[in-house]
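Colleague: I would like to learn how to read this fold with you. Could you take me through it, one feature at a time?

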Amino acid sequence: MPSLGQLLESHSPLLLIDAASARIQAGVLAAGRAPRWASRAAEAGTGIFDCLDDLGFDVNSAAAFIFCEGPGSILGVRTAAMALRIWSVMSPRPIFGYRSLALAAEAAPEGAAVIADARRGLWHRAVRGMPLALAAPADLSGALVSPEGFRSWDPLPPGTKSMPYDVAAVLAKPAAAAADIFRQTDAPDAFLHREPEYARWTPRIHRAP
């Protein structure tokens, strides 16, 4: 998987969109130029386009797209993915995705696990250099941090600390820019550890008791 540095060398300018948290973040990145960032505390359907307006960026000038595929807000991620699909139909360009917690792990304290609620009593867990995993509460130990702006349905495990989820600040770190956390995709969508399972409904003729 390529790093941000490699993507900047091969595809500039890049348009990055992250709608995984409650704060929509967008950036225009190009080799040899200072990145430009915008953010909005709004729902993705308006926040993404407000950020583009703030940046004054024409999506037609992007050589490639980067987006966060989650974990996080499924609605936000899928809104961003839908926009990228539409823009790529109009003008085909490479699309690269990254995992929110893998990015956050690049800024987490050494040895700490970054966690986010995966619902149904499970937690997403990421440690720098390790694959994203699902964990039960009993399996969460050691230093734990949770990114700001990520919704939790269950209480955070005792001792969990909060950390900023600031894409611009993380990618400004040389180690994060060199991390191979990006992957190319032809079908941008929200990340799922496993596909949802649905119960089969068997129709029955109603009978009086």
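Modeller: Gladly! One idea comes before the strands: two strands count as paired if DSSP finds at least two bridges between them. Please keep in mind that this is a predicted model. With that rule, six strands form an open sheet in the order β3-β2-β1-β4-β5-β11, and the pairing is mixed.

Colleague: Which strands are the edge strands of this sheet?

Modeller: Look for strands that pair on one side only: here they are β3, residues 36-40, and β11, residues 183-184. Following β3 inward, you meet β2 (residues 24-29), which runs antiparallel to β3 and is joined to it by five bridges. Within that pairing, Gln25 faces Ser39 of β3.

Colleague: Which helices pack on the sheet, and which strands do they touch?

Modeller: Helix α2, residues 44-55, packs there and touches β1 (14-18), β2 and β3; the direction of α2 makes about 145 degrees with that of β3. Helix α3, residues 74-90, also packs on this sheet, touching β1, β4 (64-68) and β5 (95-98), and its direction makes about 165 degrees with that of β4.

Colleague: Asp18 caught my eye in strand β1. Is Asp18 buried or exposed, and how far away is the nearest side chain of opposite charge?

Modeller: For a charged residue, check burial, then look for a partner within 4 Å, the cut-off for a salt bridge. Asp18 is buried yet has no salt bridge, and the nearest side chain of opposite charge, Arg23, lies 8.9 Å away. Its side chain does make a polar contact, at 2.6 Å, with the side chain of Tyr165. Beyond its neighbours within four places in sequence, Asp18 is in contact with several residues, including Ile24, Cys68, Tyr98 and Val167.

Colleague: What is the strand order of the open sheet of five strands?

Modeller: That order is β8-β7-β6-β9-β10, again with mixed pairing. At the edges stand β8 (133-135) and β10 (161-163); each has a single partner strand, so one side of each is left without a neighbour in the sheet. On average, neighbouring strands here are turned by 45 degrees against each other, direction ignored.

Colleague: How do I trace the pairing through this sheet?

Modeller: Go strand by strand. Five bridges pair β6 (residues 113-119) with β7 (residues 122-126) in the antiparallel sense, and Ile115 stands opposite Arg125 in β7. β6 also pairs with β9, in the parallel sense over two bridges, with Val114 opposite Val145. Then β9 runs parallel to β10, joined by three bridges; there Val145 has Lys161 as its bridge partner.

Colleague: Which residues cover the two faces of β9?

Modeller: In a regular strand the side chains alternate between the two faces of the sheet. In β9 (residues 144-147), Leu144 and Ser146 lie on one side, Val145 and Pro147 on the other, and all are buried, so both faces are covered.

Colleague: What about the backbone: where should I look for unusual geometry?

Modeller: Most residues other than glycine have a negative phi, and most peptide bonds are trans. Here, a cis peptide bond joins Ser12 and Pro13, with Pro13 in the loop between α1 (4-10) and β1. Another cis bond joins Gly70 and Pro71, and Pro71 is in the loop between β4 and α3. For positive phi, see Arg119, near 70 degrees, and Arg120, near 55 degrees. Arg119 belongs to strand β6 and is partly exposed at 46% relative accessible area. Arg120 sits in the loop between β6 and β7, and with 82% relative accessibility it counts as exposed.

Definitions and conventions
Residues are numbered from 1 along each chain as its sequence is written. This is a predicted model: local features need pLDDT of at least 70, side-chain atom pairs count only at pLDDT 80 or more; totals for chains, interfaces and linings use all residues. Side-chain values use heavy atoms; hydrogens and water are left out. Helices (H or I, at least four residues) and strands (E, at least two) are DSSP runs, numbered from the N terminus. Contact means heavy atoms within 4.5 Å. Axes are lines fitted to C-alpha atoms, for helices over the stretch in contact, and angles run from 0 to 180 degrees between N-to-C directions. Buried means under 20% relative accessible area, exposed over 50%, partly exposed in between (1.4 Å probe, protein chains only). Lys and Arg count as positive and Asp and Glu as negative; His and the chain ends are not counted. A polar contact is a pair of N or O atoms within 3.5 Å; within protein, one must be able to donate a hydrogen and the other to accept it, and residues adjacent in sequence count only if both atoms are side-chain atoms.
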